[in-house]
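Student: Please pick out one part of this model for a close look, and then lead me outward from there to other parts worth inspecting. I would like one connected account, with the reasoning spelled out where there is any.

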Amino acid sequence: MVSAEQVKQQLAGQEYKHGWVADIEEDIIPRGINEDVIREISRRKEEPEWLLEWRLKSYRYWKEMREPKWANITYGPIDYQGISYFAAPKAKGTGPKEIPPEIKAMYDKLGIPLEEQGLLAGVAVDAVLDSVSVATTFKDKLAELGIIFSSFSEAVKEHPDLVRKWLGFVVPQNDNFFAALNSAVFSDGSFAYIPPGVRCPMELSTYFRINAENTGQFERTLIIADKGSYVSYLEGCTAPMRDEHQLHAAVVELIALDDAELKYSTIQNWYPGDKDGKGGIYNFVTKRGRAVGRNSKISWTQVETGSAITWKYPSVIMEGDNSQGEFYGVAVVNNRQQADTGTKMTHIGKNTRSTIISKGISSGFGQQTYRGAVKILRGATGARNYSQCDSLLIGDKCGAHTFPYIEVMDPSAQMEHEASTSKIGEDQLFYCQQRGITPEDATNMIVNGFCKKVFNNLPMEFAVEAQKLIVVSLNLEGTVG
Amino acid sequence: MAAPMLEIRDVHASVGDKPILKGVDLVANAGEVHAIMGPNGSGKSTLANVLAGRPNFTVTQGQVHYMGRNLLAMKPEDRAREGVFMAFQYPVEIPGVNNAYFLKSALNAMRRYRGEEELDAIEFLSLIEEKLKLLGLDESFTKRGLNEGFSGGEKKRNEIFQLLVLQPKLAILDETDSGLDIDALKIVANGVNMMRSPERTTLLVTHYQRILNYIQPDVVHVLVDGRIVKSGGNELAHELEKHGYAQFEAAAKVA
Ligand SMILES: Nc1ncnc2c1ncn2[C@@H]1O[C@H](COP(=O)(O)OP(=O)(O)OP(=O)(O)O)[C@@H](O)[C@H]1O
Ligand SMILES: [Mg+2]
C-alpha cells in the first residue's frame with residue numbers, strides 16, 4: 001500500500017533534467033575581480049567609456065558594501081575571487097541564422113528553438129549562454145513595429161541613448177550588495193523597448209543558460225514600456241549539475257510609462273543541488289519595476305523551482321496615479337533547498353492598487369520564507385492592497401515561514417491580508433485513492449489546485465510547462481493529464 | 001454458485017492502537033441492499049474505512065472477500081478501480097481542484113485500469129449532464145473546487161453524484177442521509193435506487209429509519225461495540241426507531 005509517508009519519501013529522490021554540460025569551447029576571463037577585470041570585460045564588449053565608468057563606480061560601491069545577512073537562509077561563505085566573471089562561447093555566429101551548430105544543439109536539447117519557424121512560433125527568444133547572448137529571434141518582424149528587442153550588449157551599441165537614459169533608473173548601482181556587483185560585472189542580458197501605443201504581438205522571452213564551470217552569471221535586463229504600450233515578457237533558466245555552488249546575481253529593471261502595461265513572467269529552474277544539498281545555484285536577484293506613468297501597470301509572475309538558495313523580491317513602485325502593481329508567485333523547495341522570497345509594493349501615487357498572491361510549497365527538508373512588504377506613503381490617498389499568502393507542506397521535515405511587513409502612512413488606505421498554511425493531508429490523499437487515483441497523482445492534483453491562481457497568470461503554453469516543472473521538481477510523475 | 005459480493009469473516013480492526021471492530025461477520029450478495037445501524041462510536045465508519053483501505057486502520061484478525069478475492073490485500077486505489085466505492089461521512093475539501101476535473105480523472109483512472117478508452121472532455125460532459133439534472137444540481141456545481149465551500153448537504157449530494165458517474169459494484173454509503181433536508185433525502189434515495197441492480201450491492205450506514213422508507217433494505221444489521229449483534233428485515237429498523245439501542249448495548253456488555 002502506498003501511503004502518504006511513502007509519497008513523501010519518494011519526493012526526496014528528486015531528478016533534475018537539465019543537468020548535463022554541453023561541450024562548447026569557451027573564452028573565459030580568469031577568476032577573480034578587480035578594476036582590471038572590469039576594464040577587460042568592458043573592452044571585450046567594446047563598450048563606450050561612460051559604461052565603463054558606470055561599472056567602475058558600481059565596483060567601488062560594492063567594495064564598501066557587505067553581503068546582506070537578514071534573510072532566513074544559511075550558506076557557507078562565497079569566495080568572490082574564486083569566480084570567473086566572464087565566459088563566452090568561442091564559436092561565434094553573427095546573426096540568428098548563423099548560430100554555431102553546437103550551441104543550437106544545446107538549445108534544441110533544452111527544447112528552446114532558436115529558429116524562427118521553431119515550436120514556439122508566437123514567442124521571440126533571446127538566448128543567453130553564460131555571459132553572452134547567442135541569438136535573438138524575430139528581431140526584424142518586431143522592428144517593423146518599432147519594438148527593440150535585442151541582447152543588452154547590442155542595445156548598448158545600437159541604442160546607447162536609450163540604455164544610458166534608463167540604466168539604473170529603477171535599481172541604483174548601490175541599491176544592495178548583489179545589485180552593485182551585477183552593475184560592475186554584468187555581461188549580457190536582454191533589452192526591450194516598446195514604443196508609444198504599440199501592443200507587442202508576441203511574447204518576448206529570454207532563455208538563460210549557465211554552461212561553463214566556476215563562472216557566475218550576472219545578467220541585466222531592462223524593459224521600457226512607453227506610453228500606452230503593452231508587452232508580456234518571459235524568462236526561463238537552467239544550469240548543469242555541478243558539485244560546486246555557482247553564483248547568479250541578476251538585475252531586472254522594468255519601467256512603465258503612462259497607460260502602459262508590462263507583464264514579466266519567470267520560470268526559474270536553475271540546478272537546485274543534489275538531495276544532500278551538494279552543488280546548486282545561489283540565486284541572488286534584484287527585480288524591480290517602476291510604474292511611473294498614470295494608469296500604468298506592472299505585473300510579476302514567477303514560478304521558482306530551482307536553485308539551492310533563492311533570494312528574490314520582485315517589487316513594484318507605484319508612482320503614477322491609478323497605477324497598479326501585481327505579484328503572483330509559486331516557489332517550490334525540496335530536499336535541502338532554501339528560499340527567501342516575496343515582494344515589496346510601494347504606493348506613492350493616488351488610487352494605486354497592488355495585489356500579492358504568493359504560494360509556497362515545501363517538501364523534503366526544504367525551508368521557505370515569504371517576506372512581503374507593503375508600504376503606503378503619505379499622500380497615496382485611496383491606495384489599496386490585497387495580499388494572500390499560502391503555504392503547503394508535504395511531509396514534516398520542511399518548513400514555511402511568513403514575514404509580512406506593512407507600513408501605512410496614509411489613513412485612507414485599504415489593506416486586506418490573508419494567510420494560510422496547510423498540509424497535504426492523509427485524508428485528502430485517501431479520498432483521492434478511494435476514487436481510484438494514486439497518491440502520486442493526487443499530490444500532483446492538490447499541488448496544481450494550490451497554484452492555480454498563479455498559473456492562470458502565465459501565458460498559456462508556459463502554464464503547462466510550469467505545471468510539469470513542479471511535478472518534476474517534487475518528483476511526482478504520474479499519469480493524470 | 002457465484003461467490004458473494006462481500007464476505008466479512010470475524011474481522012477485528014484497530015485504529016492506531018485502539019481496537020474498534022471486535023469480530024464482524026457479514027455476507028452480502030449481488031443485488032442486495034444492507035442497512036447498518038448502530039449507536040455513535042460503535043464502529044460503523046471504521047468498518048466502512050476498513051473495507052475501503054484507509055491507512056492506519058489495521059485489520060488484526062479475520063478476512064474480507066470481495067467477489068471471491070482477498071480485498072484486504074489490495075491497495076485502496078485498486079479496490080476503487082475494482083468497483084468498491086465509499087461515500088464519505090465527512091467528504092474532504094480540495095481547494096482549487098475543479099470538481100468535474102477531479103471526477104473525470106477518477107473515472108479515467110478506473111477506465112484505464114479496466115483497459116477501456118479514456119473519455120475526453122466532451123464525452124465526459126455529456127455523461128454527467130443527466131446525472132446532474134437527476135440530483136437537481138446546477139452545472140456551476142462542477143466548476144467549483146472539490147467540495148470547496150460546499151454546504152453539508154451539497155457535499156453529500158456530490159458523493160452521490162460521483163456514485164452515479166463511477167457506477168461501482170459495491171457502494172458503501174456512510175451516513176449519506178445525515179444532514180439532508182427532506183427533498184434532498186428523496187433525491188439522494190432516488191439516486192441510490194437507480195443504482196440498484198442484480199449486479200450491485202449497497203451497504204447503507206444510517207442512524208435513521210427515515211431513509212429506509214425510500215430505500216427498502218434486504219437486510220438490516222445492528223452494530224454495537226464493534227460487533228453485529230442482530231440482523232433482520234426492515235422491521236428491525238422500525239423497532240430500533242421505537243426502542244433505541246439500549247437492549248443491544250446491555251447484551252453487548254454481557255457478551
Ligand atoms: N483516527 C482515530 N483515532 C482514534 N480513535 C478513533 C479514530 N477514528 C475512530 N476512532 C474511534 O473509534 C470508535 C468508532 O468510531 P466510528 O467512527 O467507527 O463510529 P461510528 O459508528 O461511525 O459513529 P458515528 O455514528 O458517530 O459516525 C470511536 O470510539 C472513535 O472515537
Ligand atoms: Mg460514522
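**A strand of chain A, and then the ligand site of chain B**

Tutor: In this predicted model, strand β21 of chain A (residues 384–393) has eight of its 10 residues buried, so the strand is largely enclosed by the rest of the structure. Strand β19 of chain A, residues 353–362, runs parallel to β21(A) and is joined to it by 10 bridges, and if you want a single place to look at that pairing, A:G360 has A:S391 of β21(A) as its bridge partner. Strand β23 of chain A, residues 414–423, is likewise parallel to β21(A), with 10 bridges between them; here A:D390 stands opposite A:S420 of β23(A).

Elsewhere in chain A, A:E235 deserves a moment. This residue belongs to strand β9 of chain A, residues 230–238, and counts as buried because its relative accessibility is 4%, against a cut-off of under 20% for that class. Its side chain makes a polar contact of 2.9 Å with the side chain of A:T266, and another polar contact, of 2.3 Å, joins the side chains of A:E235 and A:K287.

Turning to chain B, the magnesium ion, ligand 2, has as its protein donors the OG atom of B:S45 and the OE1 atom of B:Q89, at 2.0 to 2.2 Å from the ion. B:S45 sits in helix α1 of chain B (residues 44–52), whereas B:Q89 sits in the loop that runs between β6 (84–87) and β7 (94–98) of chain B, so the pair ties together parts that lie 44 residues apart in sequence. The donors fall into separate burial classes: B:S45 is partly exposed because its relative accessible area is 22%, while B:Q89 is buried because its relative accessible area is 16%, the boundary for buried being under 20%.

Ligand 1 brings several of these residues back into view. It is surrounded by 14 residues, of which B:G41, B:K44, B:S45, B:T46 and B:H207 come nearest. An oxygen atom of ligand 1 lies 3.0 Å from a backbone N or O atom of B:G43, and an N or O atom in the side chain of B:T46 is 2.5 Å from an oxygen atom of the ligand. The side chain of B:Q89, named above as a magnesium donor, has an N or O atom 3.0 Å from an oxygen atom of ligand 1. On its own the ligand exposes 630 Å², and the protein buries 63% of that area. Two or more residues of the shell around ligand 1 are given by each of β2 (18–28) and α1 of chain B, and α1(B) supplies the largest share, three residues. Sorted by class, the shell around ligand 1 consists of three nonpolar, eight polar and three charged residues.

Helix α1(B) itself has eight of its nine residues buried, so it is largely enclosed by the rest of the structure. The buried residues of the helix are B:K44, B:T46, B:L47, B:A48, B:N49, B:V50, B:L51 and B:A52. Directly after the helix, B:G53 adopts a positive phi of about 90°.

That leads to the backbone angles further along the chain. Most residues other than glycine have a negative phi. B:N56, which is not a glycine, nevertheless has a positive phi near 75°; it is found in the loop between α1 and β4 (57–66) of chain B, and is exposed because its relative accessible area is 56%. B:M67 is another non-glycine residue with a positive phi, of about 50°; its place is the loop between β4 and β5 (69–70) of chain B, where it is partly exposed because its relative accessible area is 34%.

The strands on either side of that loop, β4(B) and β5(B), pair in the antiparallel sense over two bridges, with B:Y66 opposite B:R69 of β5(B). They belong to an open sheet of four strands in chain B, ordered β2-β1-β4-β5 with antiparallel pairing. Its edge strands, each of which pairs on one side only, are β2 and β5 of chain B. Edge strand β2 is, in turn, one of the elements giving two or more residues to the shell around ligand 1, which brings the account back to the ligand site.

How values were computed. Residues numbered from 1 in each chain as written. Chains lettered and ligands numbered in written order. Predicted model: local features only at pLDDT ≥ 70, side-chain atom pairs only at ≥ 80, totals over all residues. Heavy atoms only, no water. Donors = N, O, S within 2.8 Å, 3.2 Å for Na, K, Ca; no water. Buried < 20%, exposed > 50% of the residue type's maximum accessible area, 1.4 Å probe, protein only. Pairing = 2+ DSSP bridges. Near = heavy atom within 4 Å. Polar contact = N/O pair within 3.5 Å; in protein donor to acceptor, adjacent residues only side chain to side chain. Areas by Shrake-Rupley, 256 points an atom, 1.4 Å probe, with all protein chains shown as cover. Nonpolar A, V, L, I, M, F, W, Y, C, P; charged D, E, K, R; others polar.
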